[in-house]
Amino acid sequence: MFSDRGRAARGFGPLQNGGYALQMEPLRIAIAGAGGRMGQRIMSLVADAPDLALVGALEQHDTALPPGAQVLIDFSSPEGFRRWLAVCEAALVPFVSGTT
């Protein structure tokens with residue numbers, strides 16, 4: 001069996017019931033269209049989630065993808081959709097769109 005120190009070194013943390021669970025880093029999210037109603041709502045949800053971290057609130061299409069972003073959620077515009085899709089595709093960053 002692993003000692004407590006060994007568990008911590010492997011990324012495990014104690015649970016209240018005495019067991020151990022793997023502790024993961026938060027998923028780093030960028031949001032395109034952050035100034036809109038849905039963008040604001042997603043930012044609020046990300047802020048409330050301990051397993052998510054906001055790394056970029058993007059409004060302009062000429063903005064670069066924030067360093068460290070692991071996924072981009074797009075609620076911008078049809079033009080923004082095309083631009084952000086190409087940027088994410090080139091950077092191999094997953095892309096989620098709610099743009100209509």
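The following paragraphs lead through a predicted model of a single protein chain, from its overall fold to selected residues.

The secondary structure of the protein chain consists of three helices and six strands. Followed along the sequence, these elements are arranged in the pattern α-β-β-β-α-β-β-α-β. Among the contacts in the protein chain with a separation of 6 or more, 44% join residues 24 or more positions apart. Of the 100 residues in the chain, 28% are buried. The chain exposes about 6700 Å², and carbon and sulfur atoms supply 58% of that area.

The interior can be described through its nonpolar cores. In soluble globular proteins, nonpolar side chains tend to be buried together. Here the largest nonpolar core contains nine residues: A30, A32, L58, L65, A69, L72, W84, C88 and V93. Two of the contributing elements are β3 (27-32) and α3 (78-91), each of which supplies at least two residues of this core. A second, separate core has eight residues, including I31, I42, V71 and I73.

L72 belongs to the largest core, and its contacts can be traced in some detail. Leaving aside residues up to four places away in sequence, L72 touches A30, I31, A32, L58, L65, W84, C88, V93, P94, F95 and V96. One of these partners, I31, is a member of the second core. W84, another core residue, also takes part in an interaction with a charged group: the charged end of R83 sits over the ring of W84, at 4.3 Å from the ring centre. As for pairs between aromatic rings, the model contains one.

Attention now turns to two loop residues on either side of α3. S77 lies in the loop between β5 (71-74) and α3. Is S77 buried or exposed? S77 counts as buried because its relative accessibility is 17%, below the cut-off of 20%. The side chain of S77 reaches the backbone nitrogen of G80 at 3.0 Å. Apart from residues up to four places away in sequence, S77 touches H61 and T99.

L92 is found in the loop between α3 and β6 (95-97). Although L92 is not a glycine, its phi is positive, at about 60°. L92 has a relative accessible area of 75% and is therefore exposed, the cut-off for this class being over 50%. The loop residues S77 and L92 thus fall into opposite classes, S77 being buried and L92 exposed.

Note on methods
Residues are numbered from 1 along each chain as its sequence is written. This is a predicted model: local features need pLDDT of at least 70, side-chain atom pairs count only at pLDDT 80 or more; totals for chains, interfaces and linings use all residues. Side-chain values use heavy atoms; hydrogens and water are left out. A nonpolar core is a set of buried Ala, Val, Leu, Ile, Met, Phe, Trp, Tyr and Cys residues joined through side-chain atoms within 4.5 Å. Buried means under 20% relative accessible area, exposed over 50%, partly exposed in between (1.4 Å probe, protein chains only). Helices (H or I, at least four residues) and strands (E, at least two) are DSSP runs, numbered from the N terminus. Contact means heavy atoms within 4.5 Å. A polar contact is a pair of N or O atoms within 3.5 Å; within protein, one must be able to donate a hydrogen and the other to accept it, and residues adjacent in sequence count only if both atoms are side-chain atoms. Accessible areas come from the Shrake-Rupley method with a 1.4 Å probe; for residues, only the protein chains shown count as cover. Rings of Phe, Tyr and Trp (its six-membered ring) pair if their centres lie within 6.5 Å; planes under 30 degrees apart count as stacked, over 60 as edge-to-face and the rest as tilted. A charge sits over a ring if NZ of Lys or CZ of Arg is within 6 Å of the ring centre and within 35 degrees of the ring normal.
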